[in-house]
Structures are given as structure tokens and as C-alpha cells.
Amino acid sequence: MKNTVISVRNLVKKFGNFIANDNLTFEVYKGEIFGFLGANGAGKTTAIRILSGLSKPTSGEVIVAGFDARKQPEQIKKNIGYMCQKFSLYEDLTVKENIMLYGGIYGMKKQLIRDRTRSLLERLQFEEYGDRLIAALPLGLKQKLAFSVAVLHEPKIVFLDEPTGGVDPITRRQFWEMIYETAARGITVFVTTHYMDEAEYCDRVSIMNEGKIEALDTPAGLKKQYQAGSIEEVFISIARPGKN
Amino acid sequence: MKRFLVFVKKEFLHIFRDVRTMIILFLIPGALILLFGFVVNTDLKNATVSFLDLSRDEMTVKLTDKICSSGFFFRGENLDSYQEIDQALRGNKIKAVIIFEKDFSRKLISDGKATVNIITDGSEPNMATMATNYISAIIADFNSELVTNGTTATLLVQPEVRMFYNPSLKSQHMFVPGVITLIMILICALMTSITITREKEFGTMEALLVSPLKPIQIILGKIVPYFILSFVDVIIILLLSRYVFDLPVKGSIILLLAETMLYILMSLSLGILISSVVNTMQQAIFISLVGMMLPAILLSGFIYPIGNMPKIYDWISAIMPPRYFIIIIKNVMIKGTGFSYIWKETLFLVLFTLFAIVLSIRKFNIRLQ
Amino acid sequence: MRTIYYLIRKEFIQIFRDKFLGRAIFAIPIVQMLILVPAVTFEIKEVRLCIVDKDMTTESRELVGKLVGSTFFKVGHTTFPEREANELLNRDQCDLILQIPAGFGKDIGKGTPTQLMASANAINAMNAQLSWAYLNGVILDYNMNILAREISSRSFSPIPQIEVTNRYWYNELLNYNFYMQPGILGILVLAIGFILAGLNLVKEKEIGTIEQMNVTPVKKYQFILAKIIPFLIIGLIDLALGIAIGILVFNVPFEGSIWLLFLCSTIFLIAVLGLALLISTFSGTQQQFMFTGFFFMIIFILMSGIFTPIESMPVWAQKIDLLNPVVYIMRINRMVMLKGSTFQDIQTEFLALVLYAIATTTLAVNRYRKTA
């Protein structure tokens, strides 16, 4: 039996009359890379905000890391990391100061924060940037750093909302290597994206369209099911069912 | 030109979409003018005084009544001894103590002289002087009654006064010009400096700068909507003061409006100047509010006449544009005098506007290079 | 507790990383206090009096002499034509005109009443009334002299007169600096804390960093406290600087307990910082916060009783003013510094501030949403 860390049943989220999430049901297992694929406005961000305790579901049952998203959002927050599409480290703090801040917030000991900072900077080959302001870093570095900070406290799950938006292909590649390393450490990665090629890197992918989950399987399984050569083709056949 | 108009329209939409800011922009001047009209005034009214009457005779009772019925004072608890004075003043319950000496009436009749001692709370000097002055005036009046009652003599010289420009002695005459001056400079400088700095801070300024619009057009496009809004504000204030406080514009309305436009333009250029030296909205707001609010209230002659200040402030306040506009608006609105009385002040505002614009353009150009 | 420490640390780094603001929060109060405090006075130094003497007799000259001799009036012009005098008033070159009519001396000699006409520039009603009262005083004195001469020639009984002596307690020489300094200090401390704290929170909303905070387990009260404490500390440092300037530069006496003053100021600051944060939870952009905040601040300041007496306001306005925290701190500052008031004397104001602080911070914590 696989170890379930996220369990969603009949999740609905409405804004007025607009239904952003329409009856979502899925599970995510420990240590996997779970992709949420969809066009802009498909409801990915809404779903990820509910899962991370930032927003309340209208109805349905959402259990993340063993806690109910409706009743115990603060408990969830202790067990997750989060990085959103709008870059959000403090621009007017240095790299080290940002790490120190978030480490402190998650209750890490000072010495531990220092050790992790050192190894983190080493791993990113970033040592000389430690005392630079975030504002002075190129976007790609910022994104990698934001991700490292999001998993600094070794959460059970990390949510990444379009983490690679606007980044060059090389950085994107390095970013995905970091995701793999993280998953290998047993941290579940929940990632949304609209890059089709990125979906290929996921263990399992769910494809969203107009608030609904249209398909959910491993990339290979999806291609087989839709008799497509790539996820992109799968996506197109889902988004434009008339053509099929 | 067409491009420019499109840009101005976009800026307008931008402002109007923020409903709350719009409401406040019109609420602030309206509320402040009503506040000053109905609430805040510098007259003495209802100041609580206590009496320490060591004689309690006919004369002191009469004088006490006269003081308490004047309308300026409110009678507080009577005191019984000198020891109680400190406690009463320290607890801030009363503003003044009036002490009648022992054997007041007897001394007055036999020696022709008796003493009233007024003790006021000097920690509020304004209140203290006013209370002392008013009580002294009431006693002086009482004195002259004593003369005319006791003898057949009458006071030969009878002075009369005409209060020019403000016969009913309303404090609105003082405050309406002040409020217009204060609010316009703060709001205009705040609005322009924020709106321009915002583009800088969020990096959207660069997008505008690469557009075919010239920098000067961008700046103009940003201030035109605020110019119009501020002008509407002034008109609201003038209408309120006309119909609520019965304070019409005595001089030429055209002249007043023209001078107002000049002042708004000056304040907007000040905002541009601020935005040219700061990098973030926080800084812009800090300069426009913390840096300018108190000087604009205190050194403009709004509440405190500059003539009463130490000499050096004549020079310090000379670089404060609000000072000149208050003179202009008082002249045109209340005295009804013409342009020949205010050309110097007008000239100063023009010079200040040009100075601010030239300086900000230079700053702006340096930044672009 | 550790979480709050890290959050506060971050705020301080951010505040002082902004070189301009880091300096301005201390420089602006110092400079403004030094410049503004001595400027403000309600005391009328001199009234510029213009006399139109159409009589030119011994009697009229005696009156003019009395006016010239008084320290209150500065007789700048004595012109003959009335028109010229009115022009002076129009050009704001004199404040008060006194006209002595022809025949003034003759009337007095005959013992018939005669009239004097004064014209005052009454745009500033208070000044006009005060100068008129002084003029009246001089004229009354003049009247008494005439009467005394007349009566003493007839009888020996003196004219009964009540003498007035007066004293200003707590500020014998009526030094306005003693009054304005604590007041201006209070306003500066208010403005700096209020604006910085409010903007700080809205800015995090505007640039999106608050989102990142909201997915952390930081508690709401921790977040709000971490926004209050840095500005509280800055405010108290400003206050200490201000008090030092008051004592060293303006010789303001400090009669009461400095600890009591700091205690009250701390509560006052918590109250207004809480209010600023409350307003910023309702605002989406720095601009919105600024205009709402500006509205509150200017009303608080102008109704604080420092520029105009609270007693002169209508009763309903005084009731509204009960919600103005600045009123309380102004009173406390003045009472503790100048009058040496003790806790007993200020307990009402103290209690009001405590309630205010509890209300605004609780509301701010409640209004701040970690989830949408």
C-alpha cells in the first residue's frame, strides 16, 4: 500500500458563480513528483492555494499531511513548503538573511540554519552571493534560491506553483534536477506548470481544464491512453475534444 | 497629441477605478472644512474656573456671578484653601483659579482697593493668557461700573470698534483659507509623488519610457488628472464655505480660481520634484507627509500668525509656498482686493513652480543617461 | 517567541537598509523640533497701530502718548486722511486703526462724552478681539485718569478699584516652548510610527511577500506583534531624543516621572500602531492606506487640543474626540512633564489609552487573514 500524503475528495471551490475547482478527487503519495498541468486559468493555482491552507474549499474533503485543510490549515503549514509563481523572497534582504528568517520561522535552531545555509549555497555554487541582496540576483538564481528556502525545513510536501515561469531552458533543467534530488530525499513535490515538456518529468500528471481534472496517470500511461506521442498531444486532445 | 490624450485617459481610468481613494480624495477636503467650520476654533469657551473665595461677601458673590455669566467660563468646584489649588490644576480638571482675598468688600470700600488673584495653568499658555485676559477684562468692566454707580460721573471717552472683513468675528475667516492651502499642497504633492514613484518602483516606468511618449508627456499625463481632481476639490471647498458658512468670495472669482490653479500646479510640481529624488513610495510618502505636514501647518500662518514669531522665521517661512497662497486667498476671498495687492506673492508661486519643474527635469535626465 | 525574534530582526534590517528612511526617522523629528518649536506662539508680540488724530489737542496727544508708551502697541503710522489708513489695513501693514475725532479735546474739557472709533483687521478674530481688549484697557485707564482728576478736586474719597494680579503656574514666564515641545514631539512620534507601520504591512501585500508568510506556521498575533514592536522601539527612541532636546535645548522642565511618561507613550504607540495596521488590513495598495491614514491623522492632530482648545469645541465634537488617542497623550505629556502629575492624576487618560491599545491590536489581529 502506498503512503498517501494528500487526499482530495470532491473538492469544489466557487468564487461567486464562477466555479474554479469542479469536483476534484485525487491522491498524492509520499516521495512522488505530482504534476498539475493546465492552461492559465484552468484552476491550478486555486487548487494549490487550498492544499497549502491559503484558501478554504467551498465543499469537499481535503487532507494534507494528515490534517484537514478546512479546520487545521495552520497544522498543514507546519508540514509544507511553498513557492509561488510571483517571486516572493524579500528583495531588500540578502540571501543569508532570507534563509535565516525562514529558518527561524520554522523553528530551526540557529546552528542548524547556519549549516544548512552553507551546504545550500555550496550545492547551488552560490557561495559568493550569500551577502548580496535578492534584488541584485538574476531571475533564475532567485527561483532556485526560493525553492531551496521552501524546502529548508525539510517539509513533508513542497508546493511549487509555476516555479519555472520566465526562466531560461538551462536554468529550467537545473531546477528540475533540484526537484529530483528533493523527491529522492522523501519530500513529496506537488508542482503546477503549463510547460508540456515538464510534465514528462513528473511521476504522475493530472491534466486540468476549466476547473476539472480530465485525466490522471503516469506520463507513459497518459500517452498510451490517448495514443499520443507526447504529453503535449495528450493535452491538445483534451483541451479540444471536438478534434478527437 | 492623440497618443498623449489616450495616455491621459488611461491614467484617469486608473484613478477612478480605485473607488476608495476617490471617495477619500473628496472626503478629506469636505470633512476638514466642516471640521474647522463647526468644531475647531480658537475662541475661549466653557473654560472651567474654580473660585477660592476667602471673604464670601456681597462684592465677591456679585463678581463671581458676573464672571460665570459671561459665557466664557464654566464654574468648577469651589476651593476652600490654597493647598487645594495645586491638586485641582494638576488633575487638569480646571484651567484657572480666581482668589478673592480676605475682607474683600471692606477693603474695597475703606481702602478703595481690593485684590483678585488669578492663577492659571501655564502648561497651556494659550488657554492661560486667554483666561487671564478675559477675567481681567470682566473685572475692568466691573471696575468701571463701580465708578459710575458710586458717583455721578460718567466715562467720557467711549470707544467703539468696527471689525473689518469679519464683522461677526468667525474663526472660519481664518481657517477656510488655511485649510485650502494646507490640503491642496499635501494632497497634490502626495498624489503626484506616489503615482510617479509607483511606476519607478514596480519597473513599469521603463516600459513607459520606451514607448513613443516623451518623458515630459508621461509626467504631464500623470498630473493632468490630479490637476482636475484637485481643482474640483477646491470648488467643493469654496461652495461649502459659501453655503454652509456664509463666507462668499468677495473679490474676483476668476482671479481666485486662476490663483488656485497656479497653486495646484505648484503643489503638483513639488510632488514631481519629490518623486525625482526618491526611489520608493515609502520614501515619497514619508517626505510628503512627515516632512511637510507640520511645517505646512505651523510655518504658513495657517493657525499661528507669522508676525508673532521670532524675526528669523520671517526668513525661514519665506521659502514656504503655503505662506504666500494664504495671503493671496485671504486678500481675494475675504478682503476683496485685486491683483495689484498680490502680484508679489503670485510671482513667487510662479518662480517656485518653475524652479521645481526645472530641477526635476534635470534630475530626471541624469537618471535616464 | 523565537519566531517573533526572527521577524523583528527582519523588519529592522529592512528599515535600516533603506538608507534614506533609516536616517530620516531620526533626523526629521530632530530638525523639525529644533525649527518648529520656537516658531509657535499665540502671544501677540505687538499690534501695529495706526492713529488718525484729527483733533491734535493736548488731550488727544495725551492719549496717543499713552498708546505709544504701551509695550503692546507699535504705533507705526500716524496719518491724517482716513483713506490712507484703510489702505494700510488692506495692504496688511497695520492691524488696528484708531480715529480720534476733531473736537475730542474740547468735549472732554466740557465734560461731555465723546466717541473714539477703532477699526481692526478681524480676519484673525482672536487677535482682533485681543488687541481691541488691550486698546479698551488703555482707554479705560485714560478715562480713570480724567475721572480721578475731576473727583479728587471735589472730594477725598478714593475711587474703589479692584486690582488684578495674576500668576501662571507650572510655567511662570509663559514660555510657549514648554507647551509646544511635548506637543510637536507627540505628533512626530505618532506620524512616523503610524505611516511606517501601516505602509510596511500594505507593501508586503502589494509585492506579494505576505503570501509567503501566510503559508508558514507564523501565528497571526506573532505577525502583528512583529510589525508593532520595531516601530514601537523606533518611536520610543525618537521620544527619548525629543525629550533630551526639550531639556537641553529648550530647557523644558521635567517635573514628573520619566518612567511614567515612557509607559504611557508605549501604550499610546501600541494603540496607534495597531490602528495603522488595522487600516492597512483594509487597504490593498500603499496609496489607499496613505489616503485613509492621512485622513485619520490630520483629524487626530487638528482635534488634539494642541493648536486650539478642546473646551472651545461643541459638545458633540468633544464626545467624538474621546476616540482620538492623541488627545490623551498630549494631556499626559504636558501633565507629567510640566506639572509633575502622578499616576493618580492621569489615570483616566491612561485607562483610555489602554482600552484603545487593546481594541486596535485585537481588531488588527482579527482582521488580518492568513487565508482568503
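## A strand in chain B and the chains around it

Strand β3 (residues 96-100) of chain B is mostly covered, with 4 of its 5 residues buried. Here a residue is buried if 20 or more other C-beta atoms lie within 10 Å of its own, exposed if 12 or fewer, and partly exposed in between, with C-beta atoms placed from the backbone. Helices (H or I, at least four residues) and strands (E, at least two) are DSSP runs, numbered from the N terminus.

Before going further, a word on the model and its labels. This is a predicted model, in which local features need pLDDT of at least 70 and side-chain atom pairs count only at pLDDT 80 or more, while totals for chains, interfaces and linings use all residues. Residues are numbered from 1 along each chain as its sequence is written, and chains are lettered from A and ligands numbered from 1 in the order in which they are written.

### Strands side by side

Which strands pair with β3(B)? Strand β1 (residues 47-53) of chain B joins β3(B) in the parallel sense over 5 bridges, and β4(B) is linked to β3(B) by 5 bridges in an antiparallel run. Two strands pair if DSSP finds at least two bridges between them. B:F100 appears in both pairings: B:F100 is the bridge partner of B:D53, and B:F100 also stands opposite B:V116 in β4(B).

The pairing then crosses to another chain. Strand β4 (residues 113-121) of chain B runs parallel to strand β5 (residues 161-169) of chain C, and 9 bridges join them. One example is B:A114, whose bridge partner in β5(C) is C:I162.

C:W169 is also found in strand β5 of chain C. Is C:W169 buried or partly exposed? C:W169 counts as partly exposed because it has 19 C-beta neighbours inside 10 Å. Across the chain boundary, C:W169 touches B:L89, B:I119, B:T120, B:D121 and B:G122, not counting residues up to four places away in sequence. Two residues are in contact if their C-beta atoms, placed from the backbone, lie within 7 Å. Within chain C, the C-alpha atoms of C:W169 and C:L338 are separated by 9.6 Å, although the two residues are 169 apart along the chain.

### How the chains meet

Of the 2 pairs of chains in contact, chains B and C share the most contacts. That contact takes 103 residues from chain B and 104 residues from chain C. On the side of chain B that touches chain C, helix α6 (residues 125-150) of chain B gives the largest share, 17 residues. By class, this side of chain B has 59 nonpolar, 31 polar and 13 charged residues. Ala, Val, Leu, Ile, Met, Phe, Trp, Tyr, Cys and Pro count as nonpolar, Asp, Glu, Lys and Arg as charged, and the others, Gly among them, as polar.

Chain A meets chain C through 23 residues from chain A and 18 residues from chain C. The elements that give two or more residues to the chain A side are α2 (73-78), β6 (80-83) and α3 (95-105) of chain A. That side divides into 10 nonpolar, 6 polar and 7 charged residues. No contact joins chain A and chain B, and their closest C-alpha atoms lie 12 Å apart.

### Chains and domains

Chain A has 9 helices and 10 strands. Its radius of gyration of 18 Å, taken over C-alpha atoms, agrees with a compact globule of 244 residues. Chain B has 15 helices and 5 strands. Chain B has a radius of gyration of 28 Å, well over the 21 Å that the globule rule gives for 369 residues, so it is more spread out than a compact globule. That rule is 2.2 Å times the number of residues to the power 0.38.

Chains B and C are each divided into two domains, with bounds from an automatic or database domain assignment.

| Chain | Domain 1 | Domain 2 | Distance between C-alpha centres |
|---|---|---|---|
| Chain B | residues 2-40 + 171-368 | residues 47-150 | 48 Å |
| Chain C | residues 7-40 + 174-367 | residues 47-154 | 49 Å |

### Confidence

The model scores ipTM 0.85 and pTM 0.87. Chain C has a mean pLDDT of 88, and 97% of its residues reach 70 or more; pLDDT is the predictor's confidence in each residue, from 0 to 100. Among the elements of chain C, helix α6 (residues 125-154) has the lowest mean pLDDT (79) and helix α10 (residues 258-282) the highest (95).
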